[in-house]
Amino acid sequence: MARYSNNNRDTNRLRPAFAGRLCAGLLAVLSGAANAAWELNLQEPVTAVAKRVYELHSLLLWVIVVIFVGVFAVVAYSLVFHRKSQGHKAATFHDNTTVEIAWTVVPTLILIAIAFPATSALVDMRDTSQPDLTVKVTGYQWKWGYEYLTGDAAGVKYMSVLATPRDQIENKAPKGEHYLLEVDRPLVVPVGKKVRILTTANDVIHNWSVPAFAVKTDAVPGFLRDTWFRAEKEGTYRGQCSELCGKDHGFMPVVVEVVSEEKYAAWVAEQKTQLAAVAEDPNKVWALDELLAHGEKVYTANCAACHQANGEGLPPVFPALDGSKIVMGPKQAHLEMVINGKPGTAMAAFAAQLSDTDIAAVVAYERNAWTNKLGEVIQPAEVKALRGK
Amino acid sequence: MQATSHAGYAGHHDHDSHGHPTGWKRWVTTTNHKDIGTMYLWFSFAMFLVGGAMSLILRAELFTPGLQYVSPEFYNQMLTLHALIMVFGAIMPAFVGFANWMIPMMIGASDMAFARMNNWSFWLLPPAAILLSASIFVPGGAAGTGWTLYPPLSIQMGMGMDMAIFAVHILGMSSIMGSINIVTTILNMRTPGMTLMKMPLFCWTWLVTGFLLIASMPILAGAVTMLLTDRHFGTSFFSAAGGGDPVLFQHIFWFFGHPEVYIIALPAFGVVSHVIPAFSRKPLFGYVSMVYAIAAIGLISFFVWAHHMYVTGIPLTGQLYFMYATMLIAIPTGVKVFNWVTTMWRGSLTFETPMLFALGFLVLFTIGGLTGLVLAMTAVDIQLQDTYYVVAHFHYVMVAGALFSAYAGLYFWLPKWTGHMYNEGLGKLHFWSSMIFFNIAFFPQHFLGLAGMPRRIPDYAQQFADFNVISGIGAFGFGFSQLLVLVVVFQAMKGGAKASSRPWDGAHGLEWTLPSPAPYHTFEDPPVFNQAEAHG
C-alpha cells in the first residue's frame, strides 16, 4: 500500500507541468507544425543489403495485412450476422479434420515461400569477405572510437562524441536540426567501397547501428564481431547506440559521412598531417597553466559525463572528485586509477584511450580544479613510467 | 497486504463448517484455494498499478524531446522495474490467481493438491515485491539494466542489482512451487470420468505452463546466481577478461526468457478459450487441435531463444536455424486463432464485457503475433532490433494478449466469485477506453521503430517527437482507464444484482454447477461429470 501511494505521489507532482506540455503537444500535432515528417516506414536504404531488407519488410507487411484482413473479415461477418440479437441460432459443429489440416498446411506453405527471400537477404548481409577498407569500432561509455585498420587511412584513430550542447538537452536552448544525432568527428568513408566494420567494446555491450545501411551489430567487450556496408550514395547517415549501455545510452549517436573518392583522399591526407602535427613529444616538460588548459579539455570529453563538470559526480555510483581522497592523496594512486580503472565499476581503464600527455594533463587538472588546489604539475614522462605496472 | 482489507467480502459466503481464523490471521494462515486465489489477484493488481505508474513516468519524460523530469539513470531504473514488476509481479501472479480459484472448481477437486505450499507460494511474493520496490531507495538506486539484466552493465550496478537478484530468486521459488502444485492438482485430482482430453482448456494451458515454469525458472535462477558470483565472489562467467563471455548470459537468460513469453501467453489462451464459446453459445471448435497446439507451442518455445540475439554476432547458420524454428511457432499459434474464429462462426453471439475483452484480445494479439512473424525474419529483425517496433510488438502480445485476457476472465468469473453481477455499463466503458487508448499508445510505436528510434532512451531526436506525443496521450488514457476496474470490482463485492449459478447461458463446466458466490469449500465429494459440462 505504502509503495503504491508513494509512486502515485511522484506522478502527481509531475502533473501540472505535464498538463501544459500535453496541450502544447496536442496543438503541435493538430496544426501539423511539429518539425518532423511523419515517417511511417523504414529509412530510405542506401546499400544493396538495406534495399533487400526494405523489400523483404514490404513483402512481409503485405503478407500480414492480407492475413489479418482475411481472418478478421470472417470475424466481422460473424459479428454482424451471427448475433443473438439478430435471432441467429447457434450451430453445434465443433470439429472438422479437413479444415484443421488445411489451416496447418496453408500457413506452412506461406512460411516456406517467405523463407527463401529471408534466407538469401541474410546470407548477403553476413558476407563480410573482401572488403576495400576495414575500420575497428570500439564502444565506450558513452562514445565511439574509430580506428582505420586498412586502406589509405590505416593508422587514423579518433573518438567520436555527441556534439549536441548540454543546454539543448536541458531545454535551455532551442534544439538544433540534428539534435542528439550529431557528433564532433563522424566516421568518414568513400562512396561505393565495401567497408568492413569490426566491433568491440571497452566496458559494457554497445551496439553500432546505422538504419540506412541496415547495419546493427553488438560491440561486445573482449570479443570482435563484424558487419559491412557499401554505401551507394554520398551523404551523412545517422544512427544510435542500440543496446542499453548505462546512463548516457541515449547520447552516443553514430554518424557516418559517405564522401566521394576525391574528398575521401583529401580527408585522409588532412588526417595524416594532423596525426604528424599532434604527435606528441612524451619528454616535453609542461608548465602548469598549459597543462591545466589541456587537462580541462580531456576532462570534459572523457570524465565529465560521470564525475560532472563541477567535479561533484553523481554519488554513490559516480563519486565526486572535488575533495576526493584519491585525488587529494598521493599522485601515484590517482594516476594508476586513471590508467587501470577500477574493475567491477563504471570506472574504465584509460590506458588505451588516452595518451601519456592526456593522462598527465587530466590528472593535473583534477588535482587543481574546484577546491582541489594542490598546485602540482604532472609530466607525461611520469605517466609513461607507470604504464604497464 | 491489499487483500486483508477485503476480508469482509469473502466472509459473506463463508459456509465453513469447521472454523478457521478470521481477520488478518485468516489471510496469513489460509490454505483455501479461493482465499489464496483472491490474494494473488489483489497482489497482482496492486503491482499492476505500481508498474503502471512507473511506465507513466517513462511516458511523461518522453512526451517531448529534451530531459524534463527525471535523470537518465532514474529513467533506466524505472524501465527496468516497470518490466520486472509487470512480468513477475502483475501478469504471472494474475494467472496463478485464476488457476487457484478456477482449476479446483473446473476439475471437481476440493482444493489444490498441496494446500500449505500454496499459502507459502503466495506469501513469498510480497517480500520479493518489497525488495524490488525498495531498491529504488538504496544508494545507487535500482538496477538500471533493463529487465534482461545483461552483464557487464549489471556488474557495474549498485546494491539495487543484488536486491533484484534476490527478488528474482524468491519469485522463482514461488513460481516453481505454484507450478508443482497446479500440475499435481491437474494430474491427480480430476473428478472421475474427466479424462485429460475432456479437461477444460484452461487446465490444459496451465498444465503445459506449469511444466514450462518448472523447466525454465531454475535456469533464470542459475543465470542470476552467476551474475551474483561475478559481482561479489570474483568469478568470471560473463567477463572476457577472466575467460568468460558476456553473451553466455544472454543465451542462458533467453533460454528462460522465451518460454517465459508463453508462460504468460498460454493461460491467456486458456481463458479466451472459455469466454469465446460461452458468448458464442457454441462448443469450442477443434478442442483436440487446441490441445496439440498448446503442447507444440510449449515445446517449440524451448528451441527459439536466440531469436532475441540476432545482433549479438551468432553465426549465420545459427541465425538461419533460429529463424526457421521461430517461423514454426506461427503455425500452432495460427491454428489457435483460426479455431477461435471458427468457434464464433454461426454462433449466437452476444457482447457482454468478457466477450468484448476476448475479442479485443483476438484482434490485438493477432496484430502482435503478425509483427512477431516480421521480427522472426533475421534480416528484418536486425533492422528493428532494440527499436520501438519491438516495444510495440511485445506490448501487443503482453498487454493486449495477457492483460485483456485476464480482464475477460475477471468479468467472466466475477459473478461466481462475488455472487453479484458487475455493472455492465462500466465494464463496457472500461473495455472501450482500454481498447482505444491502448492502440493510441502503442500503434504509433511501430512507426517510431521503423524510422529507427531505439528503445530504452530517455531523450530522442526531433523527428520522433510527434508519435511520442500521441503515444504519451494514449498511455495516460490507458493508465487512468484501469482505475475503472477497481470501481467495478468494489461494486460487485458490495452488492448488485444476484448472480445465478450459471450467469452466462452459454457457459459450460463444473464451476457453473456451483452456487454463486461459490461456497468456501466446494466439491468435498467428487461431482458427477457428464458430457454436458465437457469443454470440447
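**Exercise 1. Work out what kind of secondary structure chain B has, and decide whether its overall size fits that of a globular protein.**

Solution. In this predicted model, the secondary structure of chain B amounts to 18 helices and 0 strands. The next step is to set the radius of gyration of chain B, 23 Å, beside the 24 Å that the globule rule gives for 536 residues; the two values are close, so chain B is as compact as a globular protein of that length. Along the principal axes, the C-alpha trace of chain B spans about 65 × 50 × 45 Å. Turning to the interior, buried residues account for 66% of the 536 residues of chain B. Finally, if one takes the contacts in chain B between residues at least 6 apart in sequence, 82% of them join residues at least 24 apart.

**Exercise 2. Check the length of helix H13 of chain B against its expected span, and determine how far the helix is enclosed.**

Solution. Helix H13 of chain B covers residues 353-376, which is 24 residues, and at 1.5 Å a residue it should span 34 Å. The C-alpha atoms at its two ends are 34 Å apart, which agrees with that expectation. For the second part, a residue counts as buried when 20 or more other C-beta atoms lie within 10 Å of its own. Of the 24 residues of H13(B), 23 are buried, so this helix is largely enclosed by the rest of the structure.

**Exercise 3. Describe the side of chain B that touches chain A.**

Solution. Begin with the extent of the contact, in which 98 residues of chain B meet 98 residues of chain A. On the chain B side, helix H12 (residues 316-344) gives the most, with 14 residues. Sorted by character, the residues of this side of chain B divide into 62 nonpolar, 28 polar and 8 charged.

**Exercise 4. Locate Gly341(A) and classify its surroundings as buried, partly exposed or exposed.**

Solution. First, place the residue: Gly341(A) sits in the loop between helix H9 (331-340) and helix H10 (356-368) of chain A. Second, count its neighbours: there are 17 C-beta neighbours inside 10 Å, and therefore Gly341(A) counts as partly exposed. Third, list its contacts, which, leaving aside neighbours within four places in sequence, are with Met347(A), Ala348(A) and Ala349(A). As a last step, compare sequence with space: Gly341(A) and Ile359(A) are 18 residues apart in sequence, while their C-alpha atoms are 12 Å apart.

Key. Residues numbered from 1 in each chain as written. Chains lettered and ligands numbered in written order. Predicted model: local features only at pLDDT ≥ 70, side-chain atom pairs only at ≥ 80, totals over all residues. Helix = DSSP H or I, 4+ residues; strand = E, 2+ residues; numbered from the N terminus. Expected span 1.5 Å × (residues − 1). Buried ≥ 20, exposed ≤ 12 C-beta atoms within 10 Å, placed from the backbone. Contact = placed C-beta atoms within 7 Å. Nonpolar A, V, L, I, M, F, W, Y, C, P; charged D, E, K, R; others polar. Rg over C-alpha atoms; globule rule 2.2 N^0.38 Å.
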